[in-house]
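Work through the exercises below with the coordinates open. Each task is followed by a solution in steps.

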Amino acid sequence: MSMHGAGYILRALKLVFIAIALAGCASDIMKNYVGQPVESVILDYGPPIAVVDLGQGERAYQWRKVSTNAVSGTSSGEVRHTKHGTVYEETETPGYIERQECFYTFYARASGGRWFVTNFRQPKLECE
């Protein structure tokens, strides 16, 4: 396996371990809002991007978060001996900007003229 392939595998494993370490974080935070008025979420995260009337005194409130991450490029080289002499082969992987869009949805029910969080929709795994 070339150095380039090993670097890619190590980077992929690192991302998997980070995802496992963070799993449940968003859900744990969202769980803390169940039973609270929707204003609590609004005070912490700003206004929702959408409010959907579900009928029968129920609504869904949705927040959107977009995050970006700069992933640096890599460069590696390998000296190879051929029948024509020694050759140095360099492999470069360009950097890029990673963009992640996540939606967080709370369900609420009307009570006494206010809306109270009753449940939430599980975020996508990569948004946990």
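## Charged pairs and ring pairs

At 41% relative accessibility, arginine 64 counts as partly exposed. This is a predicted model.

**Exercise 1.** Find the salt-bridge partner of arginine 64 and say which strands the pair connects.

*Solution.*
- Step 1. The cut-off is a side-chain nitrogen within 4 Å of a carboxyl oxygen.
- Step 2. For arginine 64 and glutamate 101, the closest N and O atoms are 2.6 Å apart, and the two form a salt bridge.
- Step 3. Arginine 64 belongs to strand S2 and glutamate 101 to strand S5, so the bridge ties together parts 37 residues apart in sequence.
- Step 4. Glutamate 101 has a relative accessible area of 28%, which makes it partly exposed.

**Exercise 2.** Place the salt bridge between glutamate 58 and arginine 109 in the chain, then classify both residues as buried, partly exposed or exposed.

*Solution.*
- Step 1. The N to O distance is 2.7 Å.
- Step 2. Glutamate 58 sits in strand S2 (residues 58-71) and arginine 109 in strand S5 (residues 96-111); 51 residues separate them, and the pair links distant parts of the chain.
- Step 3. Partly exposed covers the range between under 20% and over 50%.
- Step 4. Glutamate 58, at 27%, is partly exposed. Arginine 109, at 37%, is partly exposed too.

**Exercise 3.** Analyse the pair lysine 31 and aspartate 28, and give the salt-bridge count.

*Solution.*
- Step 1. The closest N and O atoms lie 3.9 Å apart, and the cut-off is within 4 Å, so the pair is a salt bridge.
- Step 2. Both residues are in helix H2 (residues 25-31); they are three residues apart, so about one helical turn separates them.
- Step 3. Lysine 31 is partly exposed at 49%, and aspartate 28 is partly exposed at 43%.
- Step 4. The count comes to six salt bridges.

**Exercise 4.** Describe the aromatic pairs that involve phenylalanine 106 with tyrosine 33 and with tryptophan 63.

*Solution.*
- Step 1. The whole structure holds three aromatic pairs.
- Step 2. Tyrosine 33 and phenylalanine 106 have ring centres 5.7 Å apart and planes at 80°, so they pair edge-to-face.
- Step 3. Tyrosine 33 lies in the loop between H2 and helix H3 (38-45) and phenylalanine 106 in strand S5, so parts 73 residues apart in sequence are tied together.
- Step 4. Both tyrosine 33 and phenylalanine 106 are buried.
- Step 5. For tryptophan 63 and phenylalanine 106, the centres are 5.7 Å apart and the planes at 85°, so this pair is edge-to-face.
- Step 6. Tryptophan 63 in strand S2 and phenylalanine 106 in strand S5 are 43 residues apart. Both are buried.
- Step 7. Ring pairs join Tyr33, Tyr45, Trp63 and Phe106 into a cluster.

Note on methods:
Residues numbered from 1 in each chain as written. Predicted model: local features only at pLDDT ≥ 70, side-chain atom pairs only at ≥ 80, totals over all residues. Heavy atoms only, no water. Helix = DSSP H or I, 4+ residues; strand = E, 2+ residues; numbered from the N terminus. Buried < 20%, exposed > 50% of the residue type's maximum accessible area, 1.4 Å probe, protein only. Phe/Tyr/Trp six-rings, centres within 6.5 Å; stacked < 30°, edge-to-face > 60°.
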